[in-house]
Amino acid sequence: MKKRKFGLALSLVLAAGTILGACGNKDEEQGGGDGGTATEAPDFKVGLVTDTGGVDDKSFNQSAWEGLKKFAEEKGLKENEGYRYLQSEKEADYIPNLSQFAENGFDVTFAAGFLLEDAVQTSAEQNENGHFALIDSLLADENGETVWLNNVANVTFDEHTGSFLVGVIAAKHTKSKKLGFVGGVDSPLIKKFENGFKAGVKSVDPTIEVVVQYAGDFNKPENGTSIASTMYSGGVDIIYHAAGGTGNGVFTEAKNRKANGDDVWVIGVDRDQHEEGLPENVTLTSMVKRVDNAVYEISKMALDGNFPGGKETVFGLAEDGVGIAPTTENVSQEAIDLVEEFKQKILDGEIEVPKTDEEFEAFEASL
């Protein structure tokens, strides 16, 4: 993967009356001072191009689609006319899918995930009048230098801080003092999940072991099952996955083992994955990454004539862009209280959560 130089980082300035934390609240969906009426944007069109994980991956892509649907339904857009998604079956589909939206006059085309980075840059350069929103990455040239295009909004998240918080929960709940992390593709982005998680764990108990393995794919549930089986058999009792559809295999293995009496858990990612752990109830918590909020907000900014092209818009703890899932029935009150304590320290700048392996080594050495 290319190294990325994270230069300009602009926190999202929310439209008046709309806050990120309210995006899932039906009572406030009509806020923002615009009434949210069904006739408000009859000619506005938004599209979503998924990566190969698909729109029903129960994780990243699905969250993006949920955000797009919420915006579209609020604004009275009709599916397949005012909003739709195109699912990429293979890498070669990225550019044709992105270009299809741009060439058909869609006002904003969302690209779900860093795997579409090169395709977005190519499509944006070929369709200068089209607006693209790249989720989870910045454009970069062959030397790894950041490329800013005025028709591309770069949307990123502080995944490392949210991962830190679920690491705290894992550390408070492990009985074996051996935890696991399953990543999809070994990349700078997923390293943020890994290193943030390990930092949270070690901040609670430096003696806890964290086993790490990458599946090499975001859409191979069988790989997730195999890795989880090895980890659980090796004494791991809680696995945090950041692996998209591959993570579904982690849930499968955990559910099978819990059905046989093993006390194992999974920490979900991107969405509240509590339901993925049922009926065996194996989801300890999830690191929610509000891709749905981001898609909703960028769509609204574009509708209002404020498309944030040529910038990086960051969703972090302060913007309610990342955090722990609202479902906390399996989390102890002690762990929840500790999460709030650490969250405040991060917000106050007392703790700088590591993103890279090098930063984690320095962080661990400081404990």
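Which residue forms a salt bridge with Glu-341, and how far apart are the closest N and O atoms? In this predicted model the partner is Lys-345, and the closest N and O atoms of the pair are 3.6 Å apart, a salt bridge being defined as a side-chain nitrogen of Lys or Arg within 4 Å of a carboxyl oxygen of Asp or Glu. Because Glu-341 and Lys-345 are four residues apart in helix 9, they are separated by about one helical turn; helices (H or I, at least four residues) and strands (E, at least two) are DSSP runs numbered from the N terminus. Glu-341 counts as partly exposed at 40% relative accessibility, and Lys-345 is likewise partly exposed, with a relative accessible area of 28%, where buried denotes under 20% relative accessible area, exposed over 50%, and partly exposed the range in between (1.4 Å probe, protein chains only).

The model is a predicted one, in which local features need pLDDT of at least 70 and side-chain atom pairs count only at pLDDT 80 or more, whereas totals for chains, interfaces and linings use all residues. Residues are numbered from 1 along each chain as its sequence is written, and side-chain values use heavy atoms, with hydrogens and water left out.

By the salt-bridge rule, the count comes to 19 salt bridges. Among them is the pair formed by Lys-289 and Glu-159, whose closest N and O atoms lie 2.8 Å apart. Lys-289 belongs to strand 11 (residues 283-289) and Glu-159 to helix 4, so the pair ties together parts that are 130 residues apart in sequence. Both of these residues, Lys-289 and Glu-159, are buried. A further salt bridge is formed between Asp-262 and Arg-257, with the closest N and O atoms 3.7 Å apart; here Asp-262 counts as partly exposed at 32% relative accessibility, whereas Arg-257 is buried, with a relative accessible area of 15%.

Asp-136 lies in the loop between strand 5 (132-135) and strand 6 (152-157), and is buried, with a relative accessible area of 10%. Although Asp-136 is not a glycine, its phi is positive, at about 90°. A positive phi, near 65°, is also found in Lys-58, again a residue other than glycine. Lys-58 is located in the loop between strand 2 (46-49) and helix 1 (60-75), and counts as partly exposed at 33% relative accessibility. The loop between strand 2 and helix 1 also holds Asp-56, which is exposed, with a relative accessible area of 54%. Asp-56 and Gln-87 are 31 residues apart in sequence, and their C-alpha atoms are 9.9 Å apart in space. Elsewhere in the backbone, a cis peptide bond with omega of about 5° joins Leu-278 and Pro-279, and Pro-279 lies in the loop between strand 10 (265-270) and strand 11.

Helix 4 (residues 159-173) has 15 residues, which at 1.5 Å a residue should span 21 Å, and its end C-alpha atoms are 21 Å apart, in agreement; the expected span is taken as 1.5 Å times one less than the number of residues in the helix. Of the 15 residues of helix 4, 13 are buried, so this helix is largely enclosed by the rest of the structure. For the 17 residues of helix 5 (residues 188-204), the expected span is 24 Å and the end C-alpha atoms are 25 Å apart, which agrees. Helix 5 is also largely enclosed by the rest of the structure, because 14 of its 17 residues are buried.

Ile-324 is placed in strand 13 (residues 322-324), where it counts as partly exposed at 22% relative accessibility. The C-alpha atoms of Ile-324 and Ser-163 are separated by 8.5 Å, although these residues are 161 residues apart along the chain.

At the surface, Glu-352, Glu-358, Glu-359 and Glu-361 form a negative patch, patches being made of residues with over 30% relative accessible area and no salt bridge, with like charges joined within 9 Å and nonpolar side chains (Val, Leu, Ile, Met, Phe, Trp, Tyr) within 5 Å. Glu-352 is found in the loop between helix 9 (333-347) and helix 10 (357-366), and is exposed, with a relative accessible area of 71%.

Technical notes: Accessible areas come from the Shrake-Rupley method with a 1.4 Å probe; for residues, only the protein chains shown count as cover. Lys and Arg count as positive and Asp and Glu as negative; His and the chain ends are not counted. The place of a charge is taken as NZ of Lys, CZ of Arg, CG of Asp or CD of Glu.
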